[in-house]
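Open the model in your viewer and keep the sequence panel visible. The stops below go from the whole chain to single residues.

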Amino acid sequence: MTGHFKDRFADQRWLIYDIKRAYGYYYDLKEVRQVTFGEDSREGHLVTGMLDESLMDKDEKLFQQLWKTYFKAICIKERLNPRKHKQDMPVRYWKYLTEKQP
């Protein structure tokens, strides 16, 4: 699995982490390393799925706002299909979507 991601995303840093097994792999543009995070660490966002603002890039809020504006602008209210929306993206994942955040 890591070979695929290293080839596919060779120009980006990435982290794949399995919360249940408490380990993952991190690629730093040079090598893939296995990583673990302790329960006491600042990585609580791995459990909640919500990144703490102190860990965000200074422009993250701007990009989130730009995405929300774009998403709202392309939405055609007359063509909304909640059933299809739930089929494509189950409701349990909506809390992680920027466009669904208040």
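The tour starts with the overall fold, moves to the sheet and ends at a surface patch.

**Whole chain.** Bear in mind that this is a predicted model. Colour the protein chain by secondary structure: 4 helices and 3 strands should appear. Followed along the sequence, the elements run α-β-β-β-α-α-α. Now switch on the surface. The protein chain exposes about 9000 Å², of which carbon and sulfur atoms supply 53%. Of its 102 residues, 11% count as buried. Among contacts with a separation of 6 or more, 23% join residues 24 or more positions apart.

**The sheet.** Select residues 14–18 and 32–35, which are strands E1 and E3, then add residues 23–27, strand E2. Together the 3 strands make an open sheet in the order E1-E2-E3, with antiparallel pairing. E1 and E3 stand at the edges with a single partner strand each, so one side of each has no neighbour in the sheet. From one strand to the next, the twist averages 15 degrees.

**The E1–E2 pairing.** Zoom in on E1 and E2, which pair in the antiparallel sense over 5 bridges. Which residue in E2 is the bridge partner of Ile 16? Select Tyr 25 to see that partner.

**Helix H3 and the patch.** Move to residues 60–74, helix H3, and pick out Trp 67. Is Trp 67 buried or exposed? Trp 67 counts as partly exposed because its relative accessibility is 37%, between the 20% and 50% cut-offs. Add Tyr 70, Phe 71 and Ile 74: with Trp 67 they form a nonpolar patch on the surface, and the four together have about 390 Å² of accessible area.

Conventions. Residues are numbered from 1 along each chain as its sequence is written. This is a predicted model: local features need pLDDT of at least 70, side-chain atom pairs count only at pLDDT 80 or more; totals for chains, interfaces and linings use all residues. Side-chain values use heavy atoms; hydrogens and water are left out. Patches are made of residues with over 30% relative accessible area and no salt bridge: like charges are joined within 9 Å, nonpolar side chains (Val, Leu, Ile, Met, Phe, Trp, Tyr) within 5 Å. Accessible areas come from the Shrake-Rupley method with a 1.4 Å probe; for residues, only the protein chains shown count as cover. A salt bridge is a side-chain nitrogen of Lys or Arg within 4 Å of a carboxyl oxygen of Asp or Glu. Helices (H or I, at least four residues) and strands (E, at least two) are DSSP runs, numbered from the N terminus. Buried means under 20% relative accessible area, exposed over 50%, partly exposed in between (1.4 Å probe, protein chains only). Contact means heavy atoms within 4.5 Å. Two strands pair if DSSP finds at least two bridges between them. Axes are lines fitted to C-alpha atoms, for helices over the stretch in contact, and angles run from 0 to 180 degrees between N-to-C directions.
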